[in-house]
Amino acid sequence: MKIALQRIDDGFNMEAVDENGHKVLMDSSLENGGKNNGVRPMQMIIMGLGGCSAIDIVMILKKQRQEITDFRIEIEADREKGKEPSLWENAHLIFHLFGTIDADKAARAVELSMNKYCSVAETLRKGNTNLTWEVKINE
């Protein structure tokens, strides 16, 4: 994997580009001297957790011939207080799946993703992040 990162203003605004040309803007908060023009790098990790698990779950459920008409994930995460660096301490995910989906299959797909397949979840776990989740079907 190759990532190119370029500073694009006189502050902390950065543009990251992968080898396929996909771009992401990152910046710091106004409070820290940024211009709030992009996602914080630590937020990107939590976004990556959602994306990684979503891909796993959709893949598993499609193999089981479950019909997914919509899929959302809400994530609440907390960082360590008073530490530098400040790692992710907790992340709670709520998986909202819509369609003709067996609840047991959905719960198992989420469990497999979060405990076996999702590399981002494992990376966070190795940093001592407490990961919890719940699954909601057609709610």
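## The nonpolar core

Let's start on the inside of this predicted model. Its largest nonpolar core is built from 24 residues, and those with the most contacts inside it are L49, I57, F95, L97, M114 and L131. Several parts of the chain chip in: α1 (41-63), β5 (88-100), α2 (103-117), α3 (119-126) and β6 (130-137) each give at least two residues to this core. Helix α1 makes the largest contribution, with 7 residues. If you're wondering about the general picture, nonpolar side chains in soluble globular proteins tend to be buried together.

F95 is a good residue to click on. Which residues does F95 contact, once its neighbours within four places in sequence are left aside? The list is S53, I57, F71, R72, I73, V110, M114, W133, E134, V135 and K136. Two of the names on that list, I57 and M114, also appear among the core residues with the most contacts.

## The chain as a whole

Now zoom out. The protein chain has 3 helices and 6 strands. Reading from the N terminus, you meet them in the order β-β-β-α-β-β-α-α-β. The C-alpha trace spans about 50 × 35 × 30 Å along its principal axes.

How much of the chain is buried? Of the 139 residues, 34% are. Contacts across the sequence tell you something too: among those between residues at least 6 apart, 49% join residues at least 24 apart.

## A pocket beside helix α1

The largest pocket holds about 150 Å³ of space. Its lining is made of P41, M44, I45, G48 and V120. Helix α1 gives the largest share of that lining, 4 residues, just as α1 gives the largest share of the core. What kinds of residues line the pocket? There are 4 nonpolar ones and 1 polar one, with no charged residues.

G48 deserves a second look. This glycine sits in helix α1, and G48 counts as partly exposed because its relative accessible area is 28%. Try finding C118 as well: G48 and C118 are 70 residues apart in sequence, yet their C-alpha atoms are 9.8 Å apart in space.

## A hairpin and a buried asparagine

Head towards the N terminus and you'll find strands β2 (residues 14-18) and β3 (residues 23-26) running antiparallel, joined by 4 bridges. A16 stands opposite V24 of β3. Between the two strands of this hairpin are 4 residues, and G21 takes a positive phi near 90° there.

N13 belongs to the loop between β1 (3-7) and β2. Is N13 buried or exposed? N13 has a relative accessible area of 6%, so it counts as buried. Apart from neighbours within four places in sequence, N13 contacts Q6, R7, I8, L25, M26, D27 and N37.

## Backbone oddities in the loops

A few loop residues are worth a look for their backbone geometry. In the loop between β3 and α1 you'll find N36, whose phi is positive, near 60°, even though N36 isn't a glycine. N36 is partly exposed, because its relative accessible area is 42%.

R65 is another non-glycine residue with a positive phi, near 60°. Its home is the loop between α1 and β4, and R65 counts as exposed because its relative accessible area is 76%. Where is the cis peptide bond? Look between E84 and P85, where omega is about -5°. P85 is in the loop that links β4 (67-79) to β5.

## An exposed spot on strand β4

Last stop: E76, in strand β4. E76 has a relative accessibility of 65%, so it counts as exposed. Being exposed doesn't leave E76 without partners, though. Not counting residues up to four places away in sequence, E76 touches N90, A91 and H92. The C-alpha atoms of E76 and H92 are 5.3 Å apart in space, while 16 residues separate the two in sequence.

How values were computed. Residues are numbered from 1 along each chain as its sequence is written. This is a predicted model: local features need pLDDT of at least 70, side-chain atom pairs count only at pLDDT 80 or more; totals for chains, interfaces and linings use all residues. Side-chain values use heavy atoms; hydrogens and water are left out. A nonpolar core is a set of buried Ala, Val, Leu, Ile, Met, Phe, Trp, Tyr and Cys residues joined through side-chain atoms within 4.5 Å. Buried means under 20% relative accessible area, exposed over 50%, partly exposed in between (1.4 Å probe, protein chains only). Contact means heavy atoms within 4.5 Å. On a 1 Å grid over the protein atoms alone, a cavity is a set of points where a 1.4 Å probe fits but cannot get out, and a pocket is an open set with protein on both sides within 12 Å along at least five of seven lines; lining residues have an atom within 4 Å of a point. Grid points are joined across faces, edges and corners, and a volume is the space filled by probe spheres set on the points. Ala, Val, Leu, Ile, Met, Phe, Trp, Tyr, Cys and Pro count as nonpolar, Asp, Glu, Lys and Arg as charged, and the others, Gly among them, as polar. Two strands pair if DSSP finds at least two bridges between them.
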